[in-house]
Amino acid sequence: MKSQPQLREVLTMPPLVDKQSFRNAMSTLAAAVNVVTTDGPGGRAGFTATAVCSVCDEPPTLLVCLNRGASVYDAFRQNDSICVNTLADHQSDLSNLFGSKTTMEQRFAGATWSTAVTGAPVLEEALVSFDCTVSKRVSVGTHDILFCEVANVRHQDDIGGLVYFDRGYHRLKSE
Ligand SMILES: NC(=O)c1ccc[n+]([C@@H]2O[C@H](COP(=O)([O-])OP(=O)(O)OC[C@H]3O[C@@H](n4cnc5c(N)ncnc54)[C@H](O)[C@@H]3O)[C@@H](O)[C@H]2O)c1
Ligand SMILES: Cc1cc2c(cc1C)N(C[C@H](O)[C@H](O)[C@H](O)COP(=O)(O)O)c1[nH]c(=O)[nH]c(=O)c1N2
C-alpha cells in the first residue's frame with residue numbers, strides 16, 4: 001500500500017497546473033458580475049468581482065475574493081461596510097469601468113448611487129444589492145477572502161441578469 005506523503009514533501013511539491021491552464025479552466029465557470037463598493041475611514045472605492053458566492057444563511061453570509069494588488073485594496077482593508085451590487089443585463093459597460101485602470105471618480109461618475117444602512121454605496125439600477133458588514137478576512141495566496149454578513153437586501157423585479165463566461169458577457173432573461 002502506498003504511504004501518505006509527509007507534510008514536508010507536500011510543501012515542496014510543484015504546483016499541479018500552471019497559472020494560464022488554471023485561468024483557461026476557470027474561464028468556463030459562468031459567474032454573476034458584481035460591482036463591490038465600500039465607504040468609510042479608507043474612503044469610497046469599488047471594483048468589479050466575479051469571485052463572489054453564498055457561504056451560509058445563518059447568519060446570512062457571502063464571500064468576496066479581492067486581489068491584494070488591486071488599487072482598492074487599502075480602502076477595503078480599512079472599511080467594514082461593503083455593498084455587493086449584482087449587475088443587470090444592460091450594465092456590462094459599468095463592469096468594464098470598475099474592472100479597468102480607472103480612477104474612483106471616473107468609476108462612480110458612471111452610475112447613480114444611494115447610501116446603504118451600513119454606509120456603503122448602493123448602485124441604483126442593480127439587479128440585487130447586498131448591504132454587508134465584513135465579519136472576517138482570510139488571506140490565501142494573492143487574494144483576501146472577505147466574509148460579509150448581509151444586513152439588508154434590495155432586489156429589482158422584472159430585470160435580466162448578466163453573466164461572465166468564456167471571457168465575455170452574456171445577458172440572461174427569465175422566461
Ligand atoms: N478572482 C479574480 O481576481 C478575477 C476574476 C475574474 C477576472 N479577473 C481579472 O479580470 C481580467 C480579465 O479576466 P478574464 O476572465 O477576461 O481573463 P483571464 O484569462 O485573466 O481569467 C480567466 C478566469 O480565471 C480566473 N482568474 C483570472 N485572474 C485571476 C486571479 N488573479 N486570481 C484568481 N482567479 C483569476 C477568473 O475566473 C477568470 O474569469 C484579468 O485581469 C483578471 O485577472 C480577476
Ligand atoms: C469581469 C471581471 C471580473 C473580475 C475582475 C475584473 C473583471 C473585468 N477583477 C479585477 C478587478 O476588477 C480589477 O483589479 C480592478 O477593478 C482594476 O484594477 P485596479 O483597481 O486599477 O488595480 C477582479 N478582481 C478581484 O480581486 N476579484 C474578482 O473577483 C475580480 N473579478
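**Entry 1. Strands S4 and S5**

I counted two strands as paired where DSSP finds at least two bridges between them. I worked throughout on a predicted model. I looked first at strand S4, residues 52-57, and strand S5, residues 60-67, and found them antiparallel and joined by 5 bridges. I noted Val-52 standing opposite Val-64 of S5. I then followed the chain from S4 to S5 and found a hairpin, with 2 residues making the connection.

I checked the peptide bonds in this region. The bond from Glu-58 to Pro-59 is cis, and I recorded an omega near -5°. I located Pro-59 in the loop between S4 and S5.

**Entry 2. Strands S5, S10 and S9**

I went on from S5 to strand S10, which spans residues 143-155. I found the two paired in the antiparallel sense over 7 bridges. For Leu-62 I recorded Cys-148 as the bridge partner in S10.

I then took strand S9, residues 128-140, and found that S9 pairs with S10 over 12 bridges, also in the antiparallel sense. Here I met Cys-148 again, as the bridge partner in S10 of Val-134. Cys-148 thus has Leu-62 as one bridge partner and Val-134 as another.

I examined the connection of S9 to S10 and found a hairpin with 2 residues between the strands. In its turn, Gly-141 has a positive phi of about 55°.

**Entry 3. The sheet S1-S11-S12**

I traced an open sheet of 3 strands in the order S1-S11-S12, with antiparallel pairing. Which strands lie at its edges? I identified them as strand S1 (31-32) and strand S12 (168-172), each of which pairs on one side only.

I looked at the pairings of strand S11, residues 161-165. With S1 I found 2 bridges in the antiparallel sense, and I recorded Tyr-164 in S11 as the bridge partner of Ala-31. S11 is joined to S12 by 5 bridges, and these two strands also run antiparallel. I noted that Tyr-164 has Tyr-169 as its bridge partner in S12.

I found that S11 and S12 form a hairpin with 2 residues between them. In that turn, Asp-166 has a positive phi of about 55°.

I checked the loop between S10 and S11 and found Asp-158 there. I recorded a phi near 55° for Asp-158, a positive value in a residue other than glycine.

**Entry 4. Ligand 1**

I listed the residues around ligand 1 as Arg-23, Met-26, Ser-27, Thr-50, Ala-51, His-143, Tyr-164 and Arg-167. By class, I found this shell to hold 3 nonpolar, 3 polar and 2 charged residues. I had already met Tyr-164 as the bridge partner of Ala-31.

Which side chains bring an N or O atom to an oxygen atom of ligand 1? I recorded a distance of 2.7 Å for His-143. For Arg-23 I noted 2.8 Å to an oxygen atom of the ligand, and for Arg-167 I noted 2.9 Å. I then checked the cover: ligand 1 has 640 Å² of accessible area on its own, and the protein covers 60% of it. I placed ligand 1 in the largest pocket.

**Entry 5. Ligand 2**

I found 17 residues around ligand 2, of which Thr-48, Cys-65, Asn-67, Ser-71 and Phe-98 come nearest. I divided the shell by class into 8 nonpolar, 7 polar and 2 charged residues.

I looked up the polar contacts made by side chains. An N or O atom of Ser-71 lies 2.6 Å from an oxygen atom of ligand 2. I recorded 3.0 Å for the corresponding distance to Lys-101 and 3.1 Å for that to Arg-107. How much of ligand 2 does the protein bury? I noted that ligand 2 taken alone exposes 630 Å², of which the protein buries 83%.

I asked which elements give two or more residues to the shell around ligand 2, and found strand S3 (45-49) and S5. This brought me back to S5, which pairs with S10 over 7 bridges and is joined to S4 by 5. Finally, I placed ligand 2 in the largest pocket, as I had placed ligand 1.

Note on methods:
Residues numbered from 1 in each chain as written. Chains lettered and ligands numbered in written order. Predicted model: local features only at pLDDT ≥ 70, side-chain atom pairs only at ≥ 80, totals over all residues. Heavy atoms only, no water. Helix = DSSP H or I, 4+ residues; strand = E, 2+ residues; numbered from the N terminus. Near = heavy atom within 4 Å. Polar contact = N/O pair within 3.5 Å; in protein donor to acceptor, adjacent residues only side chain to side chain. Areas by Shrake-Rupley, 256 points an atom, 1.4 Å probe, with all protein chains shown as cover. 1 Å grid on protein atoms, 1.4 Å probe; cavity = no way out; pocket = protein on both sides within 12 Å on 5 of 7 lines; lining within 4 Å. Sits in = over half its atoms within 2 Å of the grid points. Nonpolar A, V, L, I, M, F, W, Y, C, P; charged D, E, K, R; others polar.
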